Amino acid sequence: MKIGKIVGTLVASQKEATLDGLRFQVLKNVSVDGTVKDDYVVAVDAVGAGLGEYVLYASGSSARQTVVTDKRPVDAVIMAIVDTWEVGGQVKYNKANGE
Amino acid sequence: MKIGKIVGTLVASQKEATLDGLRFQVLKNVSVDGTVKDDYVVAVDAVGAGLGEYVLYASGSSARQTVVTDKRPVDAVIMAIVDTWEVGGQVKYNKANGE
Amino acid sequence: MKIGKIVGTLVASQKEATLDGLRFQVLKNVSVDGTVKDDYVVAVDAVGAGLGEYVLYASGSSARQTVVTDKRPVDAVIMAIVDTWEVGGQVKYNKANGE
Amino acid sequence: MKIGKIVGTLVASQKEATLDGLRFQVLKNVSVDGTVKDDYVVAVDAVGAGLGEYVLYASGSSARQTVVTDKRPVDAVIMAIVDTWEVGGQVKYNKANGE
Amino acid sequence: MKIGKIVGTLVASQKEATLDGLRFQVLKNVSVDGTVKDDYVVAVDAVGAGLGEYVLYASGSSARQTVVTDKRPVDAVIMAIVDTWEVGGQVKYNKANGE
């Protein structure tokens, strides 16, 4: 999995029928030290995450292993909202403190 | 998923039989700020998208989760036509305005 | 899918038994404007393509969705021979004209 | 598979229900000569590995082929703790000696 | 598939139970002209390949389509030992001649 930050949303009214009702979030990838990078992915939200939140997303066939994405043409899913992560004993992000 | 812009088409008459009738679109990848990049993918169209449109495409096994691509040797599918997306509160693309 | 040009062949007599009889082609990747690049992939041929031809290949689990590759340890398959493709209204390749 | 070094942990309380009880480890990729690199992956731990250990992880659908990750939205799993590896007859890492 | 050269081995005693008895080989990627590169992958050996040999390996879910890797958390498998490959009519490698 990779860490992403939700920076926006995408709307598509004309789509494969099984996608109705899913929410597309625009994520920027986050490096392990907390830097928000320029490369992005559009992911379906399976956990009710909101703009600005740091999330964990899964790619590939694993993106279809949630209740909302099962058997749908979706290759990235937000499956967790990050509370905190640390590297080398240092907290790199803590949701409670904002960033 | 990634955002692509349909820039062309590809024709192949000699192919695996299950691919008959599918439409191959040539997509260029689009960055999150709306820039059309040089790298491309050839994707099957599952939603009736046309030249010049911005679309969402899924890759890998997820590309086979549409009605037209089921069980076919296809690793990229256009599964939605983008109406609009925004990043940081700014609209980056709006189909209603053209680009 | 990606466009490749068949530039060579690979022979392997000692292999997983299910691979007997499959033909391994060496492909170089082709950019969207028709340039042959240096990076390559070895793909199984499912359509009877020959040296010098431009083909479409699928990767990952989708490479197993042809008659000859079903349930085999193969992650790239040639599933179509390209007749022509165009970008921005310009023909980038036409098999009838050679390159 | 790739070699990673466990450099930290990630906590997420709000997540897809099937992820309850799984441990998310932050791995940095390790080059074949033993250098720890900056790029990372978040993987689920299937073998009880600890901070600072060198591990082998699998990606994609293969990450779901362990007892703890079966049918879960997980695209990277630690499936082995490395004892030693060697390249060209030279030991590049030996757990018994520390690094 | 990609061409790799077996440059070493990796030992892991503590691992997912289904991996018992599998042999982990360290491969360096080989370019199409025969150059051995620095990037690597750890692959399970399904064909009895030895140190120094040039092999073909498959990645992703296709890596589980061999007798020894079926349903195991393995994302790369050696499924063939290369005898020879040629590009543009030139032999780039011939096992019979050494390199």
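These exercises work through a predicted model, from the fold of chain A to the contacts between chains.

**Exercise 1. Confidence**

State which scores the model carries and what the mean pLDDT of chain A is.

Solution.
Step 1. For the model as a whole, ipTM is 0.95 and pTM is 0.96.
Step 2. For chain A, the mean pLDDT is 96. A pLDDT of 70 or more is reached by 98% of the residues of chain A.
Step 3. A caution applies in general: coordinates predicted at low pLDDT should not be read in detail.

**Exercise 2. The fold of chain A**

Determine how many helices and strands chain A has, and compare its radius of gyration with the globule rule.

Solution.
Step 1. Chain A holds 8 strands and 0 helices. The order along the sequence is β-β-β-β-β-β-β-β.
Step 2. The globule rule gives 13 Å for 99 residues, and the radius of gyration of chain A is 14 Å, which is close to that value; chain A is therefore as compact as a globular protein of that length.
Step 3. Along the principal axes, the box filled by the C-alpha atoms of chain A is roughly 45 × 25 × 25 Å.
Step 4. Buried residues make up 56% of the 99 in chain A.
Step 5. Take the contacts in chain A between residues at least 6 apart in sequence: 46% of them join residues at least 24 apart.

**Exercise 3. The surroundings of strand β1 in chain A**

Find which strands pair with β1(A), both inside chain A and in chain B.

Solution.
Step 1. Start with burial, counting a residue as buried if 20 or more other C-beta atoms lie within 10 Å of its own. Strand β1 (residues 2-11) of chain A has 7 of its 10 residues buried, so this strand is largely enclosed by the rest of the structure.
Step 2. Inside chain A, β1(A) is joined to strand β3 (residues 24-30) by 6 bridges, and the two run antiparallel. In β3(A), A:Gln25 stands opposite A:Thr9.
Step 3. Also inside chain A, β1(A) pairs with strand β5 (residues 54-59) in the antiparallel sense over 4 bridges. There, A:Leu56 of β5(A) is the bridge partner of A:Ile3.
Step 4. Across the chain boundary, β1(A) pairs with β7(B), again antiparallel and over 4 bridges. The bridge partner of A:Thr9 in β7(B) is B:Glu86.
Step 5. Combine the steps for one residue: A:Thr9 faces A:Gln25 in β3(A) and B:Glu86 in β7(B).

**Exercise 4. The contact between chains B and A**

Describe the side of chain B that touches chain A by its elements and by its residue classes.

Solution.
Step 1. The contact involves 26 residues of chain B and 24 residues of chain A.
Step 2. On the chain B side, two or more residues come from each of β1 (2-11), β5 (54-59), β6 (76-81) and β7 (84-87).
Step 3. That side of chain B divides into 15 nonpolar, 8 polar and 3 charged residues.
Step 4. Strand β2 (residues 14-15) of chain A runs antiparallel to β6(B), with 2 bridges between them. B:Ile81 in β6(B) is the bridge partner of A:Gln14.

**Exercise 5. The contact between chains E and C**

Describe the side of chain E that touches chain C in the manner of the previous exercise.

Solution.
Step 1. Chain E contributes 26 residues and chain C contributes 25.
Step 2. β1 (2-11), β5 (54-59), β6 (76-81) and β7 (84-87) of chain E each give at least two residues to this side. By class, the residues are 15 nonpolar, 8 polar and 3 charged.
Step 3. β6(E) pairs antiparallel with strand β2 (residues 14-15) of chain C over 2 bridges. In β6(E), E:Ile81 is the bridge partner of C:Gln14.

**Exercise 6. How the copies are related**

Find what rotation superposes chain E on chain C, and which pairs of chains do not touch, giving A and C and B and E as cases.

Solution.
Step 1. Chain E falls on chain C, with an RMSD of 0.0 Å, after a rotation of 72 degrees and a shift of 0.0 Å along the axis. This is the relation of a five-fold axis.
Step 2. The two copies use different surfaces, and 12% of the contact residues of chain E recur in chain C.
Step 3. A turn of 72 degrees with a shift of 0.0 Å along the axis also lays chain B on chain A, at an RMSD of 0.0 Å. Here too the copies use different surfaces: of the contact residues of chain B, 12% recur in chain A.
Step 4. Chains A and C do not touch, with their nearest C-alpha atoms 10 Å apart. Chains B and E do not touch either, and their nearest C-alpha atoms are 10 Å apart.

Methods
Residues numbered from 1 in each chain as written. Chains lettered and ligands numbered in written order. Predicted model: local features only at pLDDT ≥ 70, side-chain atom pairs only at ≥ 80, totals over all residues. Contact = placed C-beta atoms within 7 Å. Nonpolar A, V, L, I, M, F, W, Y, C, P; charged D, E, K, R; others polar. Pairing = 2+ DSSP bridges. pLDDT = per-residue confidence, 0-100. Least-squares fit on C-alpha atoms with pLDDT ≥ 70 in both. Rg over C-alpha atoms; globule rule 2.2 N^0.38 Å. Buried ≥ 20, exposed ≤ 12 C-beta atoms within 10 Å, placed from the backbone.
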